[in-house]
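Me: I would like to go through this structure step by step. Could you please bring it up so that we can begin?

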Amino acid sequence: MSGSQSAPEPATEAAAPLLDVVNLATHIGGEERPVRAVDGVSFQIRRGETFVLLGESGCGKSMIALSIMRLLPHAGRIVGGDVRIDGRSLRTLSEAEMRSERGGRVGMIFQEPMTSLNPVMTVGEQVAEAVRLHDPDRRNQVTERVVELFREVGIPDPERRVNEYPHQLSGGMKQRVMIAMALAGRPALLIADEPTTALDVTIQAQVLELLRRLQRETGMGILLITHDLGVVAEMADRVGVMYAGELMEINDAAEFFRAPRHPYSRKLFRALPMAEKRRHGLDVIKGIVPALDQVFDHCRFADRCERVFDACRERQPPWRENGAGGYRCHLDPETALAATAAAASSASPDVERSGELLAVTDLKVHFPIHRGVMRRVVGHVKAVDGVELTIGQGQTVALVGESGCGKTTVGKAILQLQPPTAGEVCFDGVDLARLSSSELRAKRSDFQIIFQDPASSMNPRMLVEDIVAEGMVAQGIGGNRAERRKRVEALLAKVGMQPAAADRYPHEFSGGQRQRIAIARALALHPKLIVCDEPTSALDVSVQAQVLNLLRELQNSMGISYLFITHNISVVAYLAHQVAVMYLGRIVEYGDVDAVLGRPLHPYTEALLSAVPVPDPARQPDVVRLQGDMPSPINPPSGCYFHPRCPHAMAVCRDRYPPRLAADDGRQVSCWLLSPERQLEGAQV
Amino acid sequence: MSFQPVILWTDALVYLLVFLLAITVWHTRRHQHLLMPWRRVAQSRIGQATMVILAFYVIVGLLDTLHFNPRSGEDEQGRAVYSTEVLSALDVIAGPLRTQREKTYSAPFATHLFSKETIERASGETVRDYPRLQYGGAHLAESGEGRVADVFAKAAFGALKGALVWLLLMLLLHRLRVRRVAHLLMPGSTHPWQIGGWTALLVLAVFAALWELAGYYHVLGTDKVGEDVFYQSLKSIRTGLLIGTLTTLVMLPAAILLGIMAGYFRGWVDDVIQYLYTTLNSIPGVLLIAAAVLMMQIYMSNHADEFNSLTERADLRLLFLCLILGVTSWTSLCRLLRGETLKLRELEYVQAARAFGVGHFRILVRHILPNVMHIVLITIVLDFSGLVLAEAVLSYISIGVDPATSSWGNMINGARLELAREPVVWWSLLAAFGFMFTLVLAANLFSDVVRDAFDPRLRRQR
């Protein structure tokens, strides 16, 4: 089970640690009220070990990485503590010496491979630059070394790839190039700052696998920064939990997942959406992260902790050594480990409702490609290519798939924000695509949308009141201004916001609060269907739990249907009744959530599910690694779109797209493996 | 009544502009997110200093906009008869500056003309000498002795007066709290408007000193027809400001409307608008302006009877110049706005509005327009100085404003030929240059501050 877990060689254990961070403190901004982004953090990394810094956004984990590299933003400065690599302090080095350390003994890869590469240089040239700088032995064979590095990081056909430009590579390939660049100096320590956050799960699985393999081969230490407990479980030897600029807990990975010590760590686990939690609401961490421009004289988690007692508000908690690590809390180990009271479950069990609300038949959205002076149409991007879906009243259908598979376009086409090329969208028995624009406008109150990024989904120049009331004004309901105001306040109360929020601007709220406002806006017109386009993927785990709980409560109390577009499988398992898996504009598997997630029939579904990191090192699935990337929807492969990446591809897969077949449990699967002919063949063999 | 108010075309537009500005200020004050960047502008040292200087120019320009016909007498029935001469409030204040004309060129602070003439002495004999100026330094002795000491004394006295006016002004602004004013002057104090206060003191003192001197001397000399150059420079302020602001006012509606329509609707609307502005853009601007201005000139000379006065005629030409400059300069803003709108229309709040069934017009007005206004503002401020300079260039090649209108371009054009003279007549050129330079530099620095304050990317670095 834990075969994928790399076993670090404990040979050099006794020697000095590779990286020793001692009481590091980093401030950002003015002298009077600096933001204490890193506030006294100490940890060590040994050779061949992966240390994971886990934390929510804004807790200072990236600042630690930048402090180690001395690459802080202009206003930032290290004010205390020390960073030692192999016993040598990095703080006292001159800038010139530091430059040879960066990319030399310490390599770094960043979150966004798209912006980390120079678009006007070939990727080979960019890696060669790193080789020339940091690998003096190979100065004469730079090209060979670059090809070697490319091969090491698993880029197929490296001789050709070195001459390509970043835009010719996919996101996963670019991240591999970044890793190759970091490896050029043969680093002893690799700092990876959210290296897979911008990638799809199947690509993420490839990259994580690559990092583990490289670590086995070179014995380097890895400092991995992430917010994803699943990635932690897959990668970590030891874990450090960051909160508000401070390390709350350091622990062995296995021990951490078995019994986290700090109340914050425990809370994080309970806020994770999972299939097992379907019947209950998720645990939420109340409140928000405190502002970091203050000096804390008490526990900084006290305001959000459910086990808070007097000491927490009076003095700083001590660091308690415990087992392989330690934690910062007033609670002693036994008490800390004692089970807390079960979370007050607010959600009621699912109420099964029937009645078809939305039926999508053979929906197609094709974008024409224009070429030449006359702007002739030379082809189509088949973003959505024949999608069939039904959503019952009060049901949640999840649409999952990797980025670029057309799931967002399906949502927009259903709402007629993107006119479909062909197909029917029957809502309450009316085909929306055939309505005139004024008829459609009148019907719009029945279906609404919630977007991924709460920052860009609200006009920054409008008051919250106007934002929430916009739909009412457009539809001419809600009476006069005073009555509308009352309804806005009622809506805000419904999503758990103060009525006073109506008089403020969206930028004054945190991400989770903004998403609540967006939900209130969508609810204003009493819709029957809400399309949720990745509503929680921009949010931290604890905030995500709040929003998911809210969506569930609203469904139970108001009978709203959701089309939930996401790439996050665990959210699907928690929230959805049915799930449709999309690949390259088509649905490949569609059925009840338990059936599809529990026993996937389509090879793509299987691979997708196995690529999702599970936040439990003891339960790592047998991984089906997909090779390569998703093909372009401009020029899909012949036959089954999935066959180039499919481990079970057969001759027929290359020729014809498989028909939609009904499995015995009522789900629909498009795969030749399940076709009667194939089953017949199987019976004969 | 001793005068009859006159509202010229440009005056009307200035009043409209002031009105629009007042509405904007009122609107801005009620919206915190609009007010914030302006606060940042006001907190900036350069912002304060340039704002004070620009305010000085604006005040002079506005005074010069209040036009009227003075009363020239009474007819038989005792009704007032008004002269066709159009004066402005500035002319009244400047009083003697306007009327005290010498014969021809004289240098700054001179007591004698610049060129020798045949003078008939009281004794009857004639000599060739520099004749005594009629007004410049008239209070001095015939020989002009003691001039330097007099100039310094008068300047000091003037500066003192300016300082007193400043003190009065500051006391009024601080509601008569003396300690606050003293605080303003203290070096290193925390008064938020310290730089602005000092700049105001400097501007007032310098201007008052010049003003005091201008009563006795031609501080910047006189031009070919003996007119005071200082007065001309002051009168040119209005022309410069008008060109800089009215042009923008004229082009703004077209640029905004077409720009956001092209970006929002795309398709054939976008094609038509893009075709329009790329075509306009590919015609050389100067050619277009020259053709239009020359056509206007011919029209005016053929229909001379339609204009009541020379001023009215010159005014219409100025307005026309603004129009034609507007036609040639809206395209860049239009293109910027199209690009920004292309980005905004894909943003989720616009999509959300469409999902609510909000109409296109409402989306344009509520969601697109407010979010491109910072670009409009930055463009206005940046374009301003360019337009002031463009006026000077156009007038220099005599396709600019009417020769009867005072403008820096006309002053430079007039001084051009005299540069070949020995000794050189430099003061017209230098005066025009100095006034224009101060305005354009202040406007440029101000626009930098405004852009920084409104640019969301820069804000994050603070």
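**Where the chains meet**

Me: How many residues does the contact take from chain B and from chain A?
Reply: The contact takes 16 residues from chain B and 20 residues from chain A. Please keep in mind that this is a predicted model.

Me: Which helices of chain B each supply at least two residues of the side that touches chain A?
Reply: Helix 13 (348-355) and helix 14 (360-396) of chain B each do so. Helix 13 of chain B provides the largest share of that side, with seven residues.

Me: And how do the residues on that side of chain B divide?
Reply: The side of chain B that touches chain A has eight nonpolar, six polar and two charged residues.

Me: Let us change topic. At what angle do helix 11 and helix 12 of chain B cross?
Reply: The axes of helix 11 (residues 285-302) of chain B and helix 12 (residues 310-345) of chain B cross at roughly 155° and come within 10 Å. Because angles over 145 degrees count as roughly antiparallel, helix 11 of chain B is roughly antiparallel to helix 12 of chain B.

Me: Is that crossing left-handed or right-handed?
Reply: The crossing of helix 11 and helix 12 of chain B is right-handed.

Me: Which residues make the contact between these two helices?
Reply: From helix 11 of chain B, they include Leu288(B), Ile289(B) and Met296(B). From helix 12 of chain B, they include Arg313(B), Phe320(B) and Leu325(B). The residues of this contact divide into 10 nonpolar, two polar and two charged.

Me: Now to chain A: why is helix 11 of chain A described as largely enclosed?
Reply: Seven of the nine residues of helix 11 (residues 263-271) of chain A are buried, so the rest of the structure largely encloses this helix. Among the buried residues are Pro263(A), Tyr264(A), Arg266(A) and Ala271(A).

Me: What covers those buried residues of helix 11 of chain A?
Reply: The cover includes helix 9 (229-235), strand 9 (238-243), strand 10 (246-252) and helix 19 (541-558) of chain A.

Me: One last residue: where is Ser62(A) placed?
Reply: Ser62(A) lies in helix 1 (residues 61-69) of chain A.

Me: Does Ser62(A) count as buried or exposed?
Reply: Ser62(A) counts as buried, because it has 20 C-beta neighbours inside 10 Å.

Me: Which residues is Ser62(A) in contact with, leaving aside neighbours within four places in sequence?
Reply: Ser62(A) is then in contact with Asp193(A) and Ile225(A). In addition, Ser62(A) and Leu72(A) are 10 residues apart in sequence, and their C-alpha atoms are 9.8 Å apart in space.

How values were computed. Residues numbered from 1 in each chain as written. Chains lettered and ligands numbered in written order. Predicted model: local features only at pLDDT ≥ 70, side-chain atom pairs only at ≥ 80, totals over all residues. Axes fitted to C-alpha atoms, helices over the stretch in contact; angles between N-to-C directions. Helix = DSSP H or I, 4+ residues; strand = E, 2+ residues; numbered from the N terminus. Parallel < 35°, antiparallel > 145°, perpendicular 65-115°, else oblique. Left-handed = near helix turned anticlockwise from the far one by under 90°. Contact = placed C-beta atoms within 7 Å. Nonpolar A, V, L, I, M, F, W, Y, C, P; charged D, E, K, R; others polar. Buried ≥ 20, exposed ≤ 12 C-beta atoms within 10 Å, placed from the backbone.
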